[in-house]
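Welcome! Take a moment to look at the fold before you, and then let's walk through it together with a few questions.

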Amino acid sequence: MLDEPFFAAVLRGVNYTKTDSIPTAGVLAKDGDVHMWWNPKFMAGLDDKQVKGLLKHEAMHLALEHTTSRRMEPHIIHNYATDLAINSDIPLEELPEGGLVPGQQFKTLTEEEMEKMGPESVARYQRVSDKIASFPKGESSEWYFTKLMEDPEVAKDIQEAGEGEGSGLPGDMDNHEGWGEMTDEEKDLVKG
């Protein structure tokens, strides 16, 4: 609260729920409250700085209305775009592994990872990595969304990867499921 009063103020009214039903963490308005669900195994793997970065990330989804009025379709590309916008402003050392950062390539794959993924998934991984590495930091989620959608091959890569379990693409730092299922009342709650 003392180090980051803005983020503390945004997260003060959030209900925190420990769960194994999602692999990482995520925020959502549901049943008249704003919730943050978090997986204890995921959180246990983060250092103090990364926990702080994750909390900042989730607070910004709420503050920037990514879960409500600024939603875009297709959902998975919206997820990438909002994460790119938010992570532009969070120091790299505070981001958990899997965080998408404009101007940054994805991690280099090992031979074992490439073999496990297969050539098609490795090519997809590299195309999306190259596209994100070409982006400047500091743009809006709408800007990143437009740029991702302007490249049909990359847009298809992200959407196809989002449909499968263990796609091999980064971007799973947090969970964005349920954002499109919110009622108008729940959207107003988050906005408030």
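Helices and strands here are DSSP runs, with helices having at least four residues and strands at least two, numbered from the N terminus. Please keep in mind that this is a predicted model.

Q: In what order do the elements of the chain run from the N terminus on?
A: The secondary structure comes to nine helices and three strands. Reading from the N terminus on, the order of these elements is α-β-β-β-α-α-α-α-α-α-α-α.

Q: What percentage of the residues in the chain is buried?
A: A residue counts as buried when its relative accessible area is under 20%. The chain has 192 residues, and the buried share of them is 46%.

Q: How much area does the chain expose, and what part of it do carbon and sulfur atoms supply?
A: The exposed area of the chain is about 10,200 Å². The part supplied by carbon and sulfur atoms is 50%.

Q: Are helices H4 and H7 parallel or oblique to each other?
A: Helix H4 covers residues 75-87 and helix H7 covers residues 141-150; their axes come within 8 Å and cross at roughly 130°. An angle over 145 degrees would count as roughly antiparallel, and 65 to 115 as roughly perpendicular. The crossing of H4 and H7 fits neither class, so the two helices are oblique.

Q: Which kind of residue, nonpolar or charged, is found in the contact of H4 with H7?
A: H4 brings Ile77, His78, Tyr80, Ala81, Thr82, Leu84 and Ala85 to this contact, while H7 brings Ser141, Tyr144, Phe145, Leu148 and Met149. Of these residues, three are polar and no residue is charged, while nine are nonpolar.

Q: What is the handedness of the crossing of H3 and H4?
A: Helix H3 spans residues 48-63, and its axis comes within 10 Å of the axis of H4, crossing at roughly 115°. The handedness of this crossing is right-handed.

Q: How many residues of the contact of H3 with H4 are polar?
A: His57, Met60 and His61 of H3 meet Thr82, Asp83, Ile86 and Asn87 of H4. Two of the contact residues are nonpolar and one is charged, while the polar ones number four.

Q: Is alanine 123 buried or partly exposed?
A: Alanine 123 sits in helix H6, residues 119-133. Buried would need a relative accessible area under 20%, and exposed over 50%. Its relative accessibility is 32%, so alanine 123 counts as partly exposed.

Q: What distance separates the C-alpha atoms of alanine 123 and aspartate 157?
A: Along the chain, alanine 123 and aspartate 157 are 34 residues apart. In space, their C-alpha atoms are separated by 9.3 Å.

How values were computed: Residues numbered from 1 in each chain as written. Predicted model: local features only at pLDDT ≥ 70, side-chain atom pairs only at ≥ 80, totals over all residues. Heavy atoms only, no water. Axes fitted to C-alpha atoms, helices over the stretch in contact; angles between N-to-C directions. Parallel < 35°, antiparallel > 145°, perpendicular 65-115°, else oblique. Contact = heavy atoms within 4.5 Å. Nonpolar A, V, L, I, M, F, W, Y, C, P; charged D, E, K, R; others polar. Left-handed = near helix turned anticlockwise from the far one by under 90°. Buried < 20%, exposed > 50% of the residue type's maximum accessible area, 1.4 Å probe, protein only. Areas by Shrake-Rupley, 256 points an atom, 1.4 Å probe, with all protein chains shown as cover.
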